[in-house]
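Me: I'd like to go through this one and ask why things get the labels they do. Could you set each value against its cut-off for me?

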Amino acid sequence: MKILKQSPTLKEQFLKTVEQKVSLKREAVQDKLGRGFLGAIGAGIFEFQQIKNAVKGNLGENYVAFLAGFLPDSWIMFKNALIPTLTEKLTEIDILLVGPSGVFLIEVKTWKGSFSAYRDKWKRREGNNWIPLEDSPTEQSLYHQKMFHRWVNSKITGLPKELITAPVVFPVAQWLGIKECSVPVFQEVKELKLFLNQRAVCLTSEQVFQIGEAIENFVVEEPSNSSKAKPILRKSF
């Protein structure tokens, strides 16, 4: 398998956006608890949780990426790939695979515990209760799938319709109960491997190369001069 990377500048742009969001959440925590001692403690706990989540996420992504290494050289992999959205912002794909069997936008969730989902509505088990989750990982993956489909077809013509799949993997969850979700969900990485092996060939080697090159060279385009307000010209006498 070939492992490619995107521009460091693109990563920097995305990280600035993430930091802005984190700063707003940190400020919200301090405002809620006050600007004194309690606010400082709350902000510290928030920072620790952010670091903890980042470490867990990286471990999970590295685990899935390592086991995805069984794929042959006809495949391409990107870790933490960035693609554009409808609002011209960026969204991140944990692991993006491109190969003869298509494009796979893999979301890795290092969630521990038991979870159930019906038609993209998720719940977490806490004791004897099932608590609804505000964020749906399958809806997030479906969004990624739609955004990538829109973007890649604007760059490359003649691609097959059933090109993109956006599975979600829970490598450390204790139990999953999934029914009628919009994207595939796997509890174990070996299930993902089996899924990839069973997919039919739909891309030529040239199309795989074109998609990989488009992802690798993707940049955020600057607004054109024509979109800027034109200066008012005043007639002199």
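Me: Where is Ser114 found, and why is Ser114 called buried?
Reply: In this predicted model, Ser114 is found in strand β5, which covers residues 114–118. Its relative accessible area is 14%, and buried means under 20%, so Ser114 gets that label.

Me: What does Ser114 touch, leaving aside neighbours within four places in sequence?
Reply: Ser114 is in contact with Lys123, Arg124, Arg125, Trp130, Gln174 and Trp175. Take Arg124: it is ten residues from Ser114 in sequence, and the two C-alpha atoms are 6.0 Å apart.

Me: Where does Arg124 sit, and what makes it partly exposed?
Reply: Arg124 is in strand β6, residues 121–126. The relative accessible area of Arg124 is 27%; buried would need under 20% and exposed over 50%, so Arg124 counts as partly exposed. Not counting residues up to four places away in sequence, Arg124 touches Lys112, Ser114, Phe115, Asn129, Trp130, Ile131 and Leu133.

Me: Back to β5: why is Tyr118 labelled partly exposed?
Reply: Tyr118 is in strand β5 too. A relative accessible area of 40% falls between the 20% and 50% cut-offs, so Tyr118 is partly exposed.

Me: How far apart are Tyr118 and Ile178 in sequence and in space?
Reply: They are 60 residues apart in sequence, with 6.2 Å from C-alpha to C-alpha. With residues up to four places away left out, Tyr118 touches Lys179 and Glu180.

Me: What is notable about the phi of Glu180?
Reply: Glu180 has a positive phi of about 55 degrees, and it is not a glycine. Most residues other than glycine have a negative phi. Glu180 lies in the loop between β10 (175–179) and β11 (185–186). At 45% relative accessibility, the value is not over 50%, so Glu180 counts as partly exposed.

Me: Which label does Asn80 get, buried or exposed?
Reply: Buried: Asn80 has 18% relative accessibility, and the cut-off is under 20%. Asn80 is found in strand β2, residues 76–84. Phi of Asn80 is near 55 degrees, a positive value in a residue other than glycine.

Me: Where is Ser101, and how do you know that Ser101 is buried?
Reply: Ser101 is in the loop between β3 (90–99) and β4 (102–108). Its relative accessible area is 8%, and that is under 20%, so Ser101 is buried.

Me: What makes the pairing of the Ser101 side chain with the backbone oxygen of Arg199 a polar contact?
Reply: A polar atom of the Ser101 side chain lies 3.4 Å from that backbone oxygen, and the limit is within 3.5 Å. Leaving aside neighbours within four places in sequence, Ser101 is in contact with Trp75, Leu196, Arg199, Ala200, Val201 and Cys202.

Me: Why is Cys202 partly exposed, and why does Cys181 count as buried?
Reply: The 27% relative accessible area of Cys202 is in the band from 20% to 50%, so Cys202 is partly exposed. Cys181 comes in at 19%, which is under 20%, so Cys181 counts as buried.

Me: How many disulfides does the structure hold?
Reply: Zero. A disulfide would take a pair of cysteine sulfur atoms within 2.5 Å.

Me: On to the helices. Why is α3 called roughly perpendicular to α5?
Reply: Helix α3 (residues 137–155) and helix α5 (residues 205–216) pack at an angle of about 105 degrees, with axes 11 Å apart. Angles of 65 to 115 degrees count as roughly perpendicular, so α3 and α5 get that description.

Me: Which residues meet there?
Reply: Phe148, Trp151 and Val152 in α3 meet Ile211, Ala214 and Ile215 in α5. By class, this contact has six nonpolar, no polar and no charged residues.

Me: And what makes Gln140 partly exposed?
Reply: Gln140 is found in helix α3. Its relative accessibility is 30%, between the 20% and 50% limits, so Gln140 counts as partly exposed. Beyond neighbours within four places in sequence, Gln140 is in contact with Glu107 and Lys109.

Technical notes. Residues are numbered from 1 along each chain as its sequence is written. This is a predicted model: local features need pLDDT of at least 70, side-chain atom pairs count only at pLDDT 80 or more; totals for chains, interfaces and linings use all residues. Side-chain values use heavy atoms; hydrogens and water are left out. Helices (H or I, at least four residues) and strands (E, at least two) are DSSP runs, numbered from the N terminus. Buried means under 20% relative accessible area, exposed over 50%, partly exposed in between (1.4 Å probe, protein chains only). A polar contact is a pair of N or O atoms within 3.5 Å; within protein, one must be able to donate a hydrogen and the other to accept it, and residues adjacent in sequence count only if both atoms are side-chain atoms. Contact means heavy atoms within 4.5 Å. Axes are lines fitted to C-alpha atoms, for helices over the stretch in contact, and angles run from 0 to 180 degrees between N-to-C directions. Angles under 35 degrees count as roughly parallel, over 145 as roughly antiparallel, 65 to 115 as roughly perpendicular and the rest as oblique. Ala, Val, Leu, Ile, Met, Phe, Trp, Tyr, Cys and Pro count as nonpolar, Asp, Glu, Lys and Arg as charged, and the others, Gly among them, as polar.
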